[in-house]
Amino acid sequence: MNETLTKLKDAALSKLNQVETLNDLETVRVEYLSKKGHISLMMGKLRDLPNEERPAFGQIVNQVKQEVEQALYEKKQILEYAALLESLQKEHIDVTLPGYQFYQGSTHPLTQVIEDIEDLFMGMGYTVEEGPELENDHYNFEMMNLDKDHPARDMQDTFFVDEQMLLRTHTSPVQARTMLKMKGEPLKIICPGKVYRRDDDDPTHSHQFTQIEGLVIDKNITFAHLKDALLTMVRHLFGPERNIRLRPSYFPFTEPSVEVDVSYVKKDGSIGYIEILGAGLVHPNVLKMGGYDPEVYKGFAFGVGVERIAILKYNIDDIRHFYTNDIRFLNQFKGVNKI
Ligand code: PHE
């Protein structure tokens with residue numbers, strides 16, 4: 001009996017020795033160590049032996065089993081390590097291969113102009129305020145000194161949702177809202193945002209456009225403060241050699257009011273002026289409605305069209321380019337972070 005066991009062990013060990021893959025190793029394991037494997041079957045033979053021989057036989061079978069198990073374990077370690085080495089070799093990553101190209105977008109040219117103007121004014125202590133595009137008549141017109149039947153409303157016809165609600169025609173309602181919020185305290189704000197007017201779209205008109213308005217209210221505000229803010233903005237946007245020209249104008253919410261032109265050099269070398277924005281000193285009625293005593297507080301305000309700035313700066317021939325999302329147009333403004 002012992003001889004059979006020794007043979008069995010030798011056979012198992014020599015098979016293990018020759019095994020070259022983990023699969024084959026598993027086959028050997030099943031053949032010898034599974035429930036119906038040779039070694040387990042030997043255990044079954046215990047029952048056929050006389051009682052006194054059983055313990056010795058059992059011990060030997062166990063010993064054989066342990067030896068084979070140990071050999072199997074060692075072989076498994078070796079084969080697993082070899083498999084690992086092989087997969088490391090095969091899956092080796094070439095870090096010098098070129099990576100994927102990621103498409104990087106950029107901000108819209110109008111956003112670039114807005115952010116540039118915001119940066120400038122924030123540096124001068126202004127805060128940025130925003131408000132709703134769907135606005136109440138009260139803030140859009142009445143608080144801007146435009147009563148229900150004011151003839152100047154014709155200049156700013158818009159899209160009405162009902163009698164009271166409309167798409168705002170300018171960002172001035174943000175000024176009205178901020179005045180009320182500040183409860184009579186001095187303020188310095190700019191308000192960027194989309195505005196809407198009834199208009200027939202063509203290369204220079206759009207029913208939707210973008211404005212930035214500025215408003216400063218304090219005790220000793222004069223026209224000189226307004227002029228300084230305008231000149232600073234114009235030179236920041238177009239260059240230090242530029243000048244501004246003010247022409248008397250009319251807005252219901254400012255008195256006096258001006259149109260502001262910026263200088264440019266014409267093809268023949270002479271100086272020309274082109275209109276870029278409206279401005280003025282805040283009308284006493286607007287101050288009053290906003291909660292400021294016009295005897296104590298004064299203010300200046302200006303409103304500039306963002307498209308107009310971008311058109312002049314980049315020589316754009318059609319305002320509609322800003323809204324049609326043609327990637328060939330937009331790509332020209334990639335990387336123009338500081339305009
Ligand atoms: N809100 C005016 C407009 O849209 C612009 C403006 C603002 C003019 C502030 C003067 C002062 O026409």
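1. Start at the ligand. One of its nitrogen atoms lies 3.0 Å from an N or O atom in the side chain of His170. This is a predicted model, and the distances quoted here are computed from it.

2. Two further contacts involve oxygen atoms of the ligand. An N or O atom in the side chain of Arg197 is 2.8 Å from a ligand oxygen. For Gln211, a polar side-chain atom lies 2.7 Å from an oxygen atom of the ligand. Each of these distances falls within the 3.5 Å cut-off, so the pairs with His170, Arg197 and Gln211 count as polar contacts.

3. How much of the ligand does the protein bury? Taken alone, the ligand exposes 320 Å². The protein buries 93% of that area. As for location, the ligand sits in the largest pocket.

4. Which elements give two or more residues to the shell around the ligand? They are strand E5 (208–218), strand E8 (271–282) and strand E9 (298–305). Strand E9 gives the most, with three residues.

5. Now the shell itself. It holds 14 residues. The closest to the ligand are His170, Ser172, Arg197, Gln211 and Glu213. By type, the shell divides into five nonpolar, seven polar and two charged residues.

6. Next, the overall build. The protein has eleven helices and nine strands. Its radius of gyration is 43 Å. A compact globule of 339 residues would have a value near 20 Å. Along the principal axes, the C-alpha trace spans about 125 × 50 × 40 Å. A reader new to the model should keep these dimensions in view when looking at the whole chain.

7. One peptide bond deserves a look. The bond from Glu255 to Pro256 is cis. Its omega is near -5°. Pro256 lies in strand E7, which covers residues 254–265.

8. A last backbone point concerns Asn145. This residue is not a glycine, yet its phi is positive, at about 70°. Where does Asn145 lie? It is in the loop between helix H6 (137–140) and strand E3 (165–167).

Definitions and conventions: Residues numbered from 1 in each chain as written. Predicted model: local features only at pLDDT ≥ 70, side-chain atom pairs only at ≥ 80, totals over all residues. Heavy atoms only, no water. Near = heavy atom within 4 Å. Polar contact = N/O pair within 3.5 Å; in protein donor to acceptor, adjacent residues only side chain to side chain. Areas by Shrake-Rupley, 256 points an atom, 1.4 Å probe, with all protein chains shown as cover. 1 Å grid on protein atoms, 1.4 Å probe; cavity = no way out; pocket = protein on both sides within 12 Å on 5 of 7 lines; lining within 4 Å. Sits in = over half its atoms within 2 Å of the grid points. Helix = DSSP H or I, 4+ residues; strand = E, 2+ residues; numbered from the N terminus. Nonpolar A, V, L, I, M, F, W, Y, C, P; charged D, E, K, R; others polar. Rg over C-alpha atoms; globule rule 2.2 N^0.38 Å.
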